[in-house]
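The exercises below ask you to read a structure step by step, from a single residue outward to the whole chain. Work through each task before turning to its solution.

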Amino acid sequence: MAAMTMPQLPWGRVRAGGLRPWVTLLSLGFLLSALLNNSAEVLQQRLDLQGWLWLTLGVGVSLLSLLLNAAAWGLVLRQVGLKPRWVALVLAYLETNQRRHLPGGVAHLAERLTLLRGQEAPLRVPASAPPSLLAVILDPLLAAIAAMALVAAGGWQGGFGAACLAPLLLLRPRWLEPLLGWLKHHTAVDLGLDPTDRQPLTLGTPPWPALVAELAVLLMRFAGFACCLMAFELAASLDWGGWLAGFAVASVAALVVPGAPAGLGVFEAALLIRLGAVIPTAPLLAAALSYRGMVSLADGLAAFTARLDRAPHPG
């Protein structure tokens, strides 16, 4: 395959500052405090060979979830009227995904927006500004709605489980399009675009196929998290519906709280707050940190593999 040059990210245009650095610092501070307060117990956690095998399996599952996530983004692109070139799209998604670990948490969105509008876009025809921005906005929005819907897997939860199904109503165009307009303004500010552009973002039909794909992605990610639970022998401490609900709450927090790179600290804090009352803190923290390392490793491997595939082959 011939090499494809990725558009360079306009770093100077991505807004920094505001609440983002403070959210990142608070999240990391909470995580560090939890580690210090439970350091002795965390260090006592040991993995046998079977535990390491579970974590290895989890890396593989996390890699599969990235491929599924790339396919889900392709459905988002089709939803907004764009025609993806699937192989190029998967490679571009895997390569840009690692940028979510950079400070600010929006570098991967800026990279994808630039990519979709460039001549080497993973599309049959490069996108104009409105649909490319819509595709960048809609993907995390659907992921957050899907994660909230999965909270209901934990049962009634005093009405919380049922309330988390309410965001599904946002998929109706009469409510979704005003929300997209609001997100467009704030995303434009974050990415250094013109926030005064009043051109409406419209979908036409509810994005149900893309939502179903996002649900599948989250379930695959949860399977990777379940591997960590099995590694630390925590799975029997709670029913799987409860684990899925706790994982979904933490995933929503990581998606919607601004600033933290890849949700670093936010995911772990939300998981501890949600499940810390019923699960011992030390093994839960060990599992959460193992999951963080596992996902980061999968992101790095996927990006490295995508770059290798883009590199020119001799002869």
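**Exercise 1.** In which loop, between which two helices, does Leu170 lie? Then decide how far Leu170 is exposed and place it on the surface.

*Solution.* The model is a predicted one. Start from the chain position: Leu170 belongs to the loop that separates helix H7 (160–163) from helix H8 (173–190). Next take its accessibility, which is 30% in relative terms, so that Leu170 counts as partly exposed. Finally, look at its partners on the surface, where Leu169, Leu170 and Trp175 make a nonpolar patch of about 260 Å².

**Exercise 2.** Determine how many disulfides there are, and explain why Cys228 is not bonded to Cys227.

*Solution.* A disulfide joins the sulfur atoms of two cysteines by a covalent bond. With sulfur atoms required to be within 2.5 Å, the count comes to 0 disulfides. Cys227 takes part in none, its nearest cysteine sulfur being that of Cys228, 7.0 Å away. Seen from Cys228, the closest cysteine sulfur is that of Cys227, and the separation of 7.0 Å is too far for a bond. As to burial, Cys227 counts as buried because its relative accessibility is 5%, and Cys228 is buried with a relative accessible area of 0%.

**Exercise 3.** Describe the protein as a whole, beginning with its secondary structure.

*Solution.* The secondary structure consists of 12 helices and 0 strands. Of the 315 residues, 50% count as buried, while the protein exposes about 14800 Å², with carbon and sulfur atoms supplying 66% of that area. Among contacts with a separation of 6 or more, 76% link residues 24 or more positions apart.

Methods. Residues are numbered from 1 along each chain as its sequence is written. This is a predicted model: local features need pLDDT of at least 70, side-chain atom pairs count only at pLDDT 80 or more; totals for chains, interfaces and linings use all residues. Side-chain values use heavy atoms; hydrogens and water are left out. Helices (H or I, at least four residues) and strands (E, at least two) are DSSP runs, numbered from the N terminus. Buried means under 20% relative accessible area, exposed over 50%, partly exposed in between (1.4 Å probe, protein chains only). Contact means heavy atoms within 4.5 Å. Accessible areas come from the Shrake-Rupley method with a 1.4 Å probe; for residues, only the protein chains shown count as cover. Patches are made of residues with over 30% relative accessible area and no salt bridge: like charges are joined within 9 Å, nonpolar side chains (Val, Leu, Ile, Met, Phe, Trp, Tyr) within 5 Å. A salt bridge is a side-chain nitrogen of Lys or Arg within 4 Å of a carboxyl oxygen of Asp or Glu.
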